[in-house]
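Biologist: I'd like to learn how to read a protein model. Could you walk me through one, feature by feature?

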Amino acid sequence: HNDDYTTMEFVVEVLEQVFHKSPAEAHRIMMHVHTRGHGVCGAYPYEVAETKVDTLMARARAAGHPLQAIIEDA
């Protein structure tokens with residue numbers, strides 16, 4: 001989800017490190033979220049998605065960012 005405080009650089013970093021996106025794909029996803037308010041980082045089994053979201057949220061909190069992510073059933 002987009003917010004007005006988390007830096008674009010941090011979002012790209014998390015997409016690359018946690019979701020294993022290439023720099024180009026991470027930038028594309030970040031810009032989609034920035035312009036549309038939300039986006040999809042990937043489709044994973046529930047347990048994998050839960051771990052990735054938990055990791056993202058922990059990294060965001062540690063860096064002082066309010067970045068949020070959720071798991072949606074498809």
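Biologist: Let's start with two helices that pass each other. Which hand does the crossing of α1 and α2 have?

Modeller: The crossing of α1 past α2 is right-handed. Keep in mind as we go that this is a predicted model.

Biologist: And which residues make that contact?

Modeller: From α1 you have M8, V11, V12, L15 and E16, and from α2 there are P23, A26, H27, I29, M30 and H34. Sort the residues of this contact by type and you get eight nonpolar, two polar and one charged.

Biologist: How do people put numbers on helix packing?

Modeller: Two packed helices are described by the angle between their axes and by the distance between those axes. Here, α1 and α2 pack at about 130 degrees, and their axes are 9 Å apart. That angle makes α1 oblique to α2.

Biologist: Now α1 and α3. At what angle do their axes cross?

Modeller: At roughly 145 degrees, and the axes come within 11 Å. As for the hand, α1 passes α3 in a right-handed crossing. The contact is built from F10, V14 and Q17 on the α1 side and L56, R59, A60 and A63 on the α3 side. By type, the residues there are five nonpolar, one polar and one charged.

Biologist: Which residues of α1 are buried?

Modeller: In α1, the buried ones are F10, V11, V12, V14 and L15. Among the things covering the buried residues of α1 are α2 and α3.

Biologist: What's the general idea behind a nonpolar core?

Modeller: In soluble globular proteins, nonpolar side chains tend to be buried together. In this model, the largest nonpolar core has 16 residues, and V14, L15, F19, L56 and L67 touch the most other members. The elements giving two or more residues to this core are α1 (8-17), α2 (23-36) and α3 (46-63). The largest share, five residues, comes from α1.

Biologist: Take L15 from that list. What does L15 contact beyond its neighbours within four places in sequence?

Modeller: Leaving those neighbours aside, L15 is in contact with H20, K21, A26, I29, M30 and C41.

Biologist: F19 was on the list too. Where is F19 found?

Modeller: You'll find F19 in the loop between α1 and α2. F19 counts as buried because its relative accessibility is 8%, and the cut-off for buried is under 20%. Apart from residues up to four places away in sequence, F19 touches V14, C41, Y44, K52 and L56. Try tracing the chain as well: F19 and V53 are 34 residues apart along it, with 9.5 Å between their C-alpha atoms.

Biologist: What about H20, is H20 buried or exposed?

Modeller: Exposed, because its relative accessible area is 63%, and anything over 50% counts as exposed. H20 sits in the loop between α1 and α2.

Biologist: And how should I read a backbone angle such as phi?

Modeller: Start from the usual pattern: most residues other than glycine have a negative phi. In H20, though, phi is near 55 degrees, a positive value in a residue other than glycine.

Biologist: Could we try a residue in α3? What does A49 touch beyond residues up to four places away in sequence?

Modeller: A49, which is in helix α3, touches Y44 and I71 once you leave out those residues. A49 and I71 are 22 residues apart in sequence, and 6.8 Å apart in space from C-alpha to C-alpha. With a relative accessible area of 12%, A49 is buried.

Biologist: And after α3, is H65 buried or exposed?

Modeller: H65 lies in the segment after α3, and at 18% relative accessibility H65 counts as buried. Not counting residues up to four places away in sequence, H65 touches Y5, T6, T7, F10 and A60.

Biologist: One last residue. Where does R36 lie?

Modeller: R36 lies in helix α2. R36 is exposed, with a relative accessible area of 60%. Along the chain, R36 and H1 are 35 residues apart, while 9.1 Å separates their C-alpha atoms.

Terms used: Residues numbered from 1 in each chain as written. Predicted model: local features only at pLDDT ≥ 70, side-chain atom pairs only at ≥ 80, totals over all residues. Heavy atoms only, no water. Core = buried A, V, L, I, M, F, W, Y, C linked by side-chain atoms within 4.5 Å. Buried < 20%, exposed > 50% of the residue type's maximum accessible area, 1.4 Å probe, protein only. Helix = DSSP H or I, 4+ residues; strand = E, 2+ residues; numbered from the N terminus. Contact = heavy atoms within 4.5 Å. Axes fitted to C-alpha atoms, helices over the stretch in contact; angles between N-to-C directions. Parallel < 35°, antiparallel > 145°, perpendicular 65-115°, else oblique. Left-handed = near helix turned anticlockwise from the far one by under 90°. Nonpolar A, V, L, I, M, F, W, Y, C, P; charged D, E, K, R; others polar.
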